[in-house]
Amino acid sequence: MNPKAKIKIVAVALILFFSFLTFKAVKSSLVYYLTVSEVQERESFSKLKRLRVSGVVERGSIKRNEDGSISFIIRDKESTIYVQYKGVIPDVFRDEVQAVVEGTIEDKVFLANKLFAKCPTKYEDDKLGNNRLSFVQ
Amino acid sequence: MFNNIGETALFLSFLISILGLFSFSIGILKKDDKLIHIGSRCVVSTFFLVTISLISLIYLLVTKDFSNFYVAKNTSNDLSALYSFTALWAGQEGSLLLWSWILSIYIFLLTISKSKSKLIPAAQNVILFVLGFFIFLIVFIENPFELLLQPPTNGRGLNPILQNIYMAIHPLTLYVGYIALTVPFAFSIASILSKDGSDDWIKLSKKWTYFSWIFLLGGLLLGSRWAYLELGWGGYWAWDPVENVALMPWLVLTAFIHSSMAQEMRSLLRRWNIVLMFLAFFLSIFGTFITRSGLISSVHSFAQSKIGIYFIIFILLITIVSVFSYQKNKKFLLSKEDITSLVSKENFFIFNNIFFLVITLTVFLGTIFPILSEAVTGEKILVGPSFYNLVNFPNVLLLMLLMSIAPIVPWKKGNLANLYKFVFIPLLISLVSGIATFILLNELKTSLVVLLSILVVAVMLKEIIIDFKVQLQDRMEIKKIITLKARRYCAFLVHFGIIVLILGINFSSVFASKYDVSLEKGETAIFENYKIELIDTYKKENEAKSILGAILILHDGGKTYILNPEQNNYKYEGNREINKETEVAIYSTLTKDYYVILVGENLKGNFNFKIHINPMVSLIWIGSLISIVGGIILFVRKREIND
């Protein structure tokens, strides 16, 4: 057998091995990314292992509990979810920001162990934007 | 006034780059040197015009001229001069202008270089096309010189988490590296379009690939250091889409730097190298697209914008041109030689490439998984960090194995018996260290990493010792030996840095621990072998912010460390939604980082802290720096004896 053919065989074997590994890895690390109403609409989702849900933090809903955890409500246009979270709170996190929580649902309470927050980009509807003078448009 | 100057210069540069594109294209087709010369003139003018435009924007930023929309969006009166300057790349429009300027420097350097290669005009044409696209974006879509009818009295300010020296230079460093990839890409296209059967493009590209590699690694290092110091989650890498797209071009470029040696030395893998270069450039544009378009949601919240569609068109165009020219002319790229043995350097480079590409593919798949799954199943599904770690770990081990033996295997045909003889003692040492690690720590992954690390280092040391022994017997001066073997020693230095980096990543991720502590003033908490005491807390105010701080003493064994975490609340928040910022307190030693976050004051008046003990994080920064130094020496070195 010539060296080139040997290399090809080894390469194909390696690629198969890694494809298999990738497949296994995908299966074990899946997280479903849903909106608040999607979670509420389909109860079946709550049986899934891990969920990531994004929504806006309801104004005035953030409460600090004695054990250092926080609870708050996130909403989208149609529904809301009650969230409990313990961990570092991102600097940007507060009322009315877009928050992303990751965790599981138990008895309609979202138990999060990851929390991300994003500052909304207000480029289009802000006051600055309204009085811009554009040469181009 | 500077608004007008900047905008006019920008618009002119767009027209001139189009003129340049036409004269280059026609000049190359008709082999008309005059037209090519005109093209080069256009390049020089474009460079000067973009420079004028950039200086205008910097002037507007530093003087805080709020009649400019971009300035009003990204600076405020309380912002220091340094960060007013770095606000240049805090927003979309400024970033794109900076991007164009850097690319215009590269094409300018290429134009004034003394190289007489036939590939230069075609390469200039390709770069000018890319530059033209970016200038088009700034002139017509994201204009940094937009004016406001009524200038506000204060701008909305720079996001406080961006007011950090690492963050100030990290994007710039990444840009410099990313954009430099355009040049070797242009050489590869030029080579294939001109049906030039030579390996010239590899030689022309070499320094550019080193340059880009150094800056990409530097950018990744600065970015993770920033995340570690500033974001306050105790980690430095999260497999976030924006991190991933910065990593991928670096991975492909690393693969290319290895496989291009096979072409340089033996004229092998000629088609493959072209494909790799296409891929590296494609990934760098893809990365810009992902970070700038907001297509995949990421913790890095960049502005969503309208440039996405133009990027898609641009990427498609680049892909079509690359694939088409490759298909048409690949017959000119047949290798004259062939791989003759499994045990040979060239073959090991092929395996190196396979592993690097598998890692890249894994990262790519993980990054676009939400889009793929939504298209196929209608559900948005993500893959977590465990996905990347699971697939990449065996790849990294295999790469380390290659890293140990490939450098000492000769080209063409190696001898297994000789190889075995050479690595016998290093292998013995590394096996012993691996087993010892396993007994001590009882952790398989770490033991494997240690085993292979020691193997790589031991083989390198043996090689260096033998080198010096032989040459000193021949009465050669040490300086001469080093010059003679410079390229190889630089490679060793880079490899050594990567080994240190891998050890740092392994130890800090496997053995990290974290604790939640709630303390009142004067109280002491004990966890495992550590004792921590809250000495004092304070509240301070200055013009820009109010500060809540704590002073703690941490005891570990006989040593004590003073830690001072803070929480800042910015008073003037402008239009940004962030006004809180956590200042993490870190005490770094070589073996451990003590990392303390002040979470806040709770209802009972106690203070909550998060304490991370991260072992060997320092090795990550040290290792990357060693590799960067190795890369820099490779880059600045002039002589190429014995290469």
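1. What distance should the 22 residues of helix 12 of chain B span, and how far apart are its end C-alpha atoms? In this predicted model, helix 12 of chain B runs over residues 308-329, and at 1.5 Å a residue the expected span is 32 Å; the end C-alpha atoms are 32 Å apart, which agrees with that expectation.

2. The buried residues of this helix, helix 12 of chain B, are Gly308(B), Phe311(B), Phe314(B), Ile315(B), Ile318(B), Ser322(B), Ser325(B), Tyr326(B) and Asn329(B). They cover an arc of only 140 degrees around the axis, and therefore they lie on the same side of helix 12 of chain B. On the other side of the helix the exposed residues are Ile309(B), Leu316(B), Ile320(B) and Phe324(B).

3. Helix 12 of chain B also takes part in a pocket, the second largest, which holds about 1,200 Å³ of space. Of the 41 residues that line the second largest pocket, Ile28(B), Pro121(B), Ala122(B), Asn125(B) and Leu193(B) are the closest to its centre. The elements of chain B that give two or more residues to this lining are helix 1 (2-29), helix 2 (33-62), helix 5, helix 6 (120-141), helix 8 (182-193) and helix 12, and the largest share, nine residues, comes from helix 12. By class, the lining of the second largest pocket has 20 nonpolar, 13 polar and eight charged residues.

4. Helix 5 of chain B, which spans residues 92-112, holds Ser100(B). Is Ser100(B) buried or exposed? The relative accessible area of Ser100(B) is 0%, so this residue counts as buried. Leaving aside residues up to four places away in sequence, Ser100(B) touches Val50(B), Leu131(B), Phe134(B), Ile135(B) and Ile138(B).

5. Turning to enclosed space, rolling a probe the size of a water molecule over the atoms shows where empty space is left. The count comes to five cavities of 30 Å³ or more, and about 100 Å³ of space lies in the largest cavity.

6. Which residues line the largest cavity? From chain A the lining residues are Arg64(A), Asn65(A), Gly68(A), Ser69(A), Ile70(A) and Ile89(A), while chain B supplies Val599(B), Gly600(B), Glu601(B), Asn602(B), Leu603(B) and Asn608(B). Strand 11 of chain B, residues 592-601, gives the largest share of this lining, three residues. By class, the lining of the largest cavity has four nonpolar, six polar and two charged residues.

7. As for the fold of chain A, there are three helices and eight strands, and read along the sequence they follow the pattern α-β-α-β-β-β-β-β-β-α-β. Of the 137 residues in chain A, 42% are buried. Among the contacts in chain A with a separation of 6 or more, 46% are between residues 24 or more positions apart.

8. A final point concerns Phe116(A), which lies in strand 7 of chain A, residues 109-118. With a relative accessible area of 22%, Phe116(A) is partly exposed, because the class of buried residues takes only values under 20%. Phe116(A) and Ile62(A) are 54 residues apart in sequence, and their C-alpha atoms are 15 Å apart in space.

How values were computed: Residues are numbered from 1 along each chain as its sequence is written. Chains are lettered from A and ligands numbered from 1 in the order in which they are written. This is a predicted model: local features need pLDDT of at least 70, side-chain atom pairs count only at pLDDT 80 or more; totals for chains, interfaces and linings use all residues. Side-chain values use heavy atoms; hydrogens and water are left out. Helices (H or I, at least four residues) and strands (E, at least two) are DSSP runs, numbered from the N terminus. The expected span of a helix is 1.5 Å times one less than its number of residues. Buried means under 20% relative accessible area, exposed over 50%, partly exposed in between (1.4 Å probe, protein chains only). The arc is that of the directions from the helix axis to the C-beta atoms. Contact means heavy atoms within 4.5 Å. On a 1 Å grid over the protein atoms alone, a cavity is a set of points where a 1.4 Å probe fits but cannot get out, and a pocket is an open set with protein on both sides within 12 Å along at least five of seven lines; lining residues have an atom within 4 Å of a point. Grid points are joined across faces, edges and corners, and a volume is the space filled by probe spheres set on the points. Ala, Val, Leu, Ile, Met, Phe, Trp, Tyr, Cys and Pro count as nonpolar, Asp, Glu, Lys and Arg as charged, and the others, Gly among them, as polar.
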